[in-house]
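Hi there,

Here is the structure I promised to pass on to you. Please have a look at it, and then read my notes below.

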Amino acid sequence: MNDSLHVDLDRLHSIKGMKWSKYEKEILPAFVADMDFEPPNSSYEALKEMVDLKDFGYKFDHVDRLIPAWTNWIFSRDGLELPEAHCTIFTSSIHALEAVMVLHTQPNDGVALFSPVYHPFAKAVQSAGRKLIDIPLLEEGWTIDIERFNELAKSEIKVVLFCQPHNPTGHLFSEDEVAEFSEIIIKHNLLVISDEIWADLIFDGKPHRSLAAHGQEVRERIVTVGSASKTFNLAGARCSVAHIGEESIRQKLSALPEHYFGQPSSFGAAATVAAWESGKPWLRNTLKQLHENRDFLTKSFAGTNIKMDSPQATYLAWLNFSNTNISEAPSKVILEKGRVALEPGSKFGPQSHSYARLNFATSPELLESIVERILEVVD
Ligand SMILES: Cc1ncc(COP(=O)(O)O)c(C=O)c1O
C-alpha cells in the first residue's frame with residue numbers, strides 16, 4: 001500500500017468514528033475536524049504490526065520516542081530547536097492546555113481568548129473556575145484587537161489561550177501582529193498557551209513560525225502545544241506533546257507524582273511516532289488536495305450571498321451566512337433541508353450565530369455534493 005489519498009465511501013459508512021456515525025446515511029458530515037482520507041500508511045503499519053502480533057502487553061518504547069519524534073519534526077519544519085528536557089507528554093492538546101492553565105492560575109484569575117475560537121477553550125476556562133476574558137477578533141481580517149488586549153493585559157489577564165493557525169477561521173496571524181502581541185506578553189509578564197496543532201496545514205507555501213521562535217524573552221512565556229491529531233488524521237491516538245518555556249511550570253509539573261496525568265497508550269504513541277518519523281510524503285499529498293479543495297470552495301461561494309475568507313491554513317472554512325435567508329441558524333437549516341452537517345458558529349463565540357464551520361478534508365466529489373446541497377438551501 002502506498003501513501004496515495006483514499007476516500008472510500010463504503011469504509012466511511014462502516015467506521016465507528018463520530019464523524020460518519022453521528023447522523024443517518026443521507027447526511028454528508030462536514031462538522032468535526034477529522035479528515036475523510038485514510039491516515040498515513042506508516043501509522044497503519046505500526047498499529048498492524050502490534051495487532052498481528054497481538055502485542056498488547058506493557059510496552060513503552062513508542063511512548064519514550066514521542067518527545068524526540070516531535071522535537072525533530074518541529075526542527076525540520078520550522079528550524080526551531082526545542083530542548084527535549086523541557087517537553088512533557090499529555091493525552092490530548094486540551095489536556096495540556098487545561099493542566100498548564102490550572103497549574104499557573106488561581107480560581108478567578110483572568111484567562112483571555114480571542115473568539116471565535118475552538119470551543120473547548122472557553123469551556124476549559126469556565127470549568128476550571130477561572131475568569132473568561134473574551135477579546136473578540138476584529139471581523140475584518142480576523143485580527144487581534146490589540147488596543148483592547150493591551151488595556152486588559154494591564155490588570156485582568158494572567159494567561160492567554162492562543163491558536164495559530166486559527167480554528168475556525170483558518171487565519172494566520174501576521175508577523176507584525178505577532179510582534180505587537182509578543183510585546184504585550186513581555187510587558188505584562190503573561191503566560192501564553194499556544195495551540196499550534198494546525199501548523200503543518202498551511203497553504204500557498206507560507207512557512208509556519210512558532211510563537212516560541214520570537215526570541216528568548218517570548219519563549220520563556222510560551223507553552224507550545226503540538227499533536228499529530230490534525231496533521232495526520234489521528235485524533236483517536238490521544239497523544240500530545242508540549243514544550244514548556246516557563247520554568248515555574250516545569251518545576252510544578254516535575255513536582256507532581258509520576259503517574260498523576262497518566263500516559264498515552266502504546267497504540268496511540270506507535271501511530272503518532274510513525275507519522276512524525278515517516279509521514280512526510282502523505283502530508284505532501286494531503287496538503288495538495290486540501291489546497292485544491294480550498295480553492296474550489298472559494299470559487300464556489302464567490303458571487304453568492306455566503307461570505308468566506310479563503311483560509312490560509314487548516315481544512316476549515318468559516319462561512320458567514322448573515323446576508324442570506326438562513327442567517328438565524330444556518331447549520332440547523334442546512335442539516336434539515338440540505339442534509340449536510342456543519343459545526344454551528346455559535347459554539348465558537350457569542351457573536352457567531354450567523355456563521356457555520358465547514359470541514360473540507362474530503363474528496364473533490366464529496367465536496368462538490370456538499371457545496372451543491374448548501375447552495376440549494378441558501379438565497
Ligand atoms: C485548535 C485545536 N486544539 C485542539 C484540538 C483537539 O486536539 P486533540 O484531539 O489533539 O486534543 C483541536 C481539534 O480540532 C483544535 O482544532
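A residue counts as buried under 20% relative accessible area, as exposed over 50%, and as partly exposed in between (1.4 Å probe, protein chains only). By that rule Cys87 is buried, at a relative accessible area of 9%, and Cys163 is buried too, at 4%.

Before the rest, a word on the source: this is a predicted model, in which local features need pLDDT of at least 70 and side-chain atom pairs count only at pLDDT 80 or more, while totals for chains, interfaces and linings use all residues. Residues are numbered from 1 along each chain as its sequence is written, and side-chain values use heavy atoms, with hydrogens and water left out.

Back to the cysteines. With a disulfide taken as a pair of cysteine sulfur atoms within 2.5 Å, the whole structure has zero. For Cys87, the nearest cysteine sulfur belongs to Cys239, 14 Å away. Cys163 cannot form such a bond because its closest cysteine sulfur, in Cys87, is 19 Å off.

Now for the ligand. There are 14 residues around it (a heavy atom within 4 Å), and Ser93, Asn167, Asp195, Trp198 and Ser229 come nearest. Two polar contacts (pairs of N or O atoms within 3.5 Å) to ligand oxygen atoms are worth finding on screen: a polar backbone atom of Ser93 at 2.8 Å, and a polar side-chain atom of Trp198 at 2.9 Å. Taken alone, the ligand exposes 400 Å², and the protein buries 94% of that (Shrake-Rupley method, 1.4 Å probe).

Enjoy exploring!

Notes:
A polar contact is a pair of N or O atoms within 3.5 Å; within protein, one must be able to donate a hydrogen and the other to accept it, and residues adjacent in sequence count only if both atoms are side-chain atoms.
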